[in-house]
Amino acid sequence: MLDDYGGGRQVGKYLRTQGKKHVLCIADNKLRPDYDRYKGLCEGLQLTADYMQIPLAKEERIYFYKERISAFKKYDAIFAVSDYYGIELMQLLIQNGYSVPKDLWMIGFDDIALCKSVNPPFASVRQDVELRAKKAVEYIHTMKEDSHFSVTERIPVELIIRESCKELENKK
């Protein structure tokens, strides 16, 4: 399993050290692993972030965001428990006059390939997909040999800072 809590904690600590105090977490549920990411975020922030449960269906989600578009102004950072949700919201906010990262910072989770190609490049918590797959195969082989085998291992994650969550440099 991923260190979901630890990934959220890394995000919260980074936002706290950068002076962000009004933070929103978006997720489509309050179950693991998403809620673990949120709880880690709060620990890292050393305060309770707001939590917005968003619809699972894309059309409903877009409508949901549009109804609340002005509500995002009270935040200085948004943490999405998945990059897909975060990038989708970031693009919608930009289309509606927000500037990322000037108006608010955004960070996601998973570090999908799209993070590097959107504008601005999207910050994310990176998971080592290859290591996770390797461990899964290794444990499946072990379970075939020993039906009583059981293990829980946390796969480490790492916050990758990109332009969606850092101060803009003054260009002269």
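In this predicted model, strands β4 (residues 105-110) and β5 run parallel and are joined by four bridges. The pairing belongs to an open sheet of six strands, ordered β2-β1-β3-β4-β5-β6 and mixed in its pairing. Helices α1 and α4 each lie across several of these strands, β4 among them.

**The sheet and its strand pairs**

- The edges of the sheet are formed by β2 (50-53) and β6, each of which pairs on one side only, and the twist from one strand to the next averages 20 degrees.
- Within the parallel pair of β4 and β5, which four bridges hold together, aspartate 110 has arginine 126 of β5 as its bridge partner.
- On the other side of the pairing scheme, β5 is joined to strand β6 (residues 157-160) by four bridges, and these two strands run antiparallel; here glutamine 127 has valine 157 of β6 as its bridge partner.
- Strand β3 is joined to β4 by three bridges, and the two run parallel.
- In general terms, the strands of a sheet pair through hydrogen bonds of the backbone, in either a parallel or an antiparallel manner.
- Strand β5 (residues 123-127) is largely enclosed by the rest of the structure, because four of its five residues are buried.

**Alanine 77 in strand β3**

- Alanine 77, which is found in strand β3, has a relative accessibility of 1% and therefore counts as buried, the cut-off being under 20%.
- The bridge partner of alanine 77 in β4 is tryptophan 105, and Trp105 also appears among the residues in contact with alanine 77 once neighbours within four places in sequence are left aside.
- The other residues in that set of contacts are Leu15, Lys20, His22, Val23, Leu24 and Leu104.
- Between alanine 77 and lysine 134, which are 57 residues apart along the chain, the C-alpha atoms are separated by 34 Å.

**Helix α1 against the sheet**

- How far apart are the end C-alpha atoms of α1? They are 20 Å apart, which agrees with the 20 Å that its 14 residues should span at 1.5 Å a residue.
- Helix α1 lies across β1, β3, β4, β5 and β6, and runs at about 165 degrees to β4.
- The buried residues of α1 are Asp4, Gly6, Gly7, Gly8, Val11, Gly12, Tyr14 and Leu15, and they pack against β1 (23-27), α2, β3 (77-80), β4, β5 and β6.
- After α1 comes glycine 19, whose phi is positive, near 85 degrees.
- Helix α4 (residues 83-95) also lies across strands of the sheet, namely β1, β3, β4 and β5, and runs at about 155 degrees to β4.

**Helix α1 against helix α2**

- The axes of α1 (residues 4-17) and α2 (residues 34-45) come within 6 Å of one another and cross at roughly 35 degrees, with α1 passing α2 in a right-handed crossing.
- From α1, the contact draws on Asp4, Tyr5, Gly8, Arg9, Val11, Gly12, Lys13, Leu15 and Arg16, while α2 contributes Asp36, Arg37, Lys39, Gly40, Leu41, Glu43, Gly44 and Leu45.
- Sorted by class, this contact consists of eight charged, five nonpolar and four polar residues.
- Asp4, Gly8, Val11, Gly12 and Leu15 take part in the contact with α2 and are also listed among the buried residues of α1.

Notes: Residues numbered from 1 in each chain as written. Predicted model: local features only at pLDDT ≥ 70, side-chain atom pairs only at ≥ 80, totals over all residues. Heavy atoms only, no water. Axes fitted to C-alpha atoms, helices over the stretch in contact; angles between N-to-C directions. Left-handed = near helix turned anticlockwise from the far one by under 90°. Contact = heavy atoms within 4.5 Å. Nonpolar A, V, L, I, M, F, W, Y, C, P; charged D, E, K, R; others polar. Buried < 20%, exposed > 50% of the residue type's maximum accessible area, 1.4 Å probe, protein only. Pairing = 2+ DSSP bridges. Expected span 1.5 Å × (residues − 1).
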